[in-house]
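The following exercises concern the overall fold, the domain arrangement and the ligand shell of one chain. Each task is followed by a solution in steps.

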Amino acid sequence: MRVTLVVNPSSGKGRAQEMLPQVAGRLRDDGIETEILLSRDFDEAIAMTRGAVDGESDVLAVMGGDGMMHLGVNACAGQDRTALALIPAGTGNDLCRGLGLPPFDPVAAAALIAGGKLRRVDLGRINGDRWIGTVTATGFDAMVNHRANLMPWPKGGLRYPLAALAELRVFSPLSFRLTLDGQARDLDAMLIAVGNTSSYGGGMKICPQADPTDGRLDVTVIHPVSRSKLLRLLPQMYSGRFVRDPAVELTRAAEVSVEGPGLVGYGDGELIAAAPLHIRCEPGALGVFVPSIA
Ligand SMILES: Nc1ncnc2c1ncn2[C@@H]1O[C@H](COP(=O)(O)OP(=O)(O)OP(=O)(O)O)[C@@H](O)[C@H]1O
């Protein structure tokens with residue numbers, strides 16, 4: 001088996017660099033010969049992940065945060081020659097959470113190449129181009145993501161709550177046209193999130209029931225609410241309890257379009273495109289290692 005491991009050493013405030021010897025040791029102990037590549041920046045990480053798939057590695061392993069997972073997903077999606085292994089070393093690790101991998105144990109995640117199972121899971125695909133493993137955010141959550149990405153400090157999990165508090169002060173509901181499997185409607189909302197898996201922002205379960213093997217995307221709409229109400233709902237996203245509020249609507253569709261003035265879409269925590277966004281569930285688009293029991 002030929003395994004290529006692409007590492008972002010700076011992920012998780014340097015945790016990836018720190019954990020790499022243990023991860024490499026685990027792969028060696030499992031008898032897996034691994035080519036380890038350390039990326040110096042995002043563009044090099046893109047080239048390395050694509051190179052592994054073009055070079056017909058059996059497994060592309062990516063080590064880092066959700067940004068690195070996004071690159072791995074995009075390199076491996078839509079083909080079955082090279083499987084993806086996810087080795088979490090970021091601060092959020094939402095793709096790993098959503099697929100049942102241990103989000104803070106990179107060594108245990110590496111062990112899944114030898115000891116887990118290879119499973120095909122769905123992905124979202126935006127505008128026929130970028131593949132998304134977790135959630136596509138539009139509205140308040142996209143603005144929070146935008147702020148969080150620009151914040152020089154703090155680097156860890158506190159970034160999203162702090163960005164949310166800052167955005168809350170200036171945010172007002174936005175106008176959307178939402179189309180679910182061909183049925184269009186116009187509405188004002190705080191946000192519309194489209195999930196292949198359940199969480200973003202480091203465990204905020206915005207689409208708590210999302211199942212990446214059901215052939216559909218979970219859509220969460222938060223209808224217009226006051227700032228104080230949104231402030232109360234935000235912490236309840238960690239448990240998923242916010243969905244009990246009458247302002248929250250949950251639905252599912254295989255194809256989702258989101259349009260509206262000034263809207264942008266963030267997927268897997270990355271800026272993807274300005275609206276209109278057309279997101280389609282692509283069943284079984286990715287082969288990925290998961291725990292045997294998942
Ligand atoms: N060597 C590198 N390889 C890839 N990306 C890098 C590198 N150095 C810095 N970056 C930056 O790191 C970001 C991706 O980080 P990644 O998602 O892997 O970890 P993180 O941000 O620590 O994790 P999380 O998203 O969980 O907070 C990219 O936005 C990229 O610009």
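Helices are DSSP runs of H or I with at least four residues, numbered from the N terminus. The model under study is predicted.

**Exercise 1.** Determine which residues surround the ligand and which helix gives the largest share of the shell.

Solution.
- Step 1: The ligand is surrounded by 20 residues, of which S11, G64, G65, G67 and G90 are the closest.
- Step 2: Two or more residues of this shell come from each of helix 1 (11–29), helix 2 (42–54) and helix 3 (66–76).
- Step 3: Helix 3 gives the largest share, with 3 residues.
- Step 4: By class, the shell holds 13 polar, 4 nonpolar and 3 charged residues.

**Exercise 2.** Describe how domain 1 and domain 2 are placed and what forms their contact.

Solution.
- Step 1: The domain assignment sets domain 1 at 3–115 and domain 2 at 135–283.
- Step 2: Their C-alpha centres are 26 Å apart.
- Step 3: Domain 1 contributes 12 residues to the contact, and domain 2 contributes 14 residues.
- Step 4: On the side of domain 1 that touches domain 2, helix 3 and helix 4 (94–98) each supply at least two residues.
- Step 5: That side of domain 1 comprises 5 polar, 4 charged and 3 nonpolar residues.

**Exercise 3.** Explain why the chain counts as being as compact as a globular protein of its length.

Solution.
- Step 1: The chain contains 9 helices and 16 strands.
- Step 2: Its radius of gyration is 18 Å, and the globule rule gives 19 Å for 294 residues; the two values are close, so the chain is as compact as a globular protein of that length.
- Step 3: Of the 294 residues, 49% count as buried.

Note on methods: Residues numbered from 1 in each chain as written. Predicted model: local features only at pLDDT ≥ 70, side-chain atom pairs only at ≥ 80, totals over all residues. Near = placed C-beta within 6 Å. Nonpolar A, V, L, I, M, F, W, Y, C, P; charged D, E, K, R; others polar. Domains from an automatic or database assignment. Contact = placed C-beta atoms within 7 Å. Rg over C-alpha atoms; globule rule 2.2 N^0.38 Å. Buried ≥ 20, exposed ≤ 12 C-beta atoms within 10 Å, placed from the backbone.
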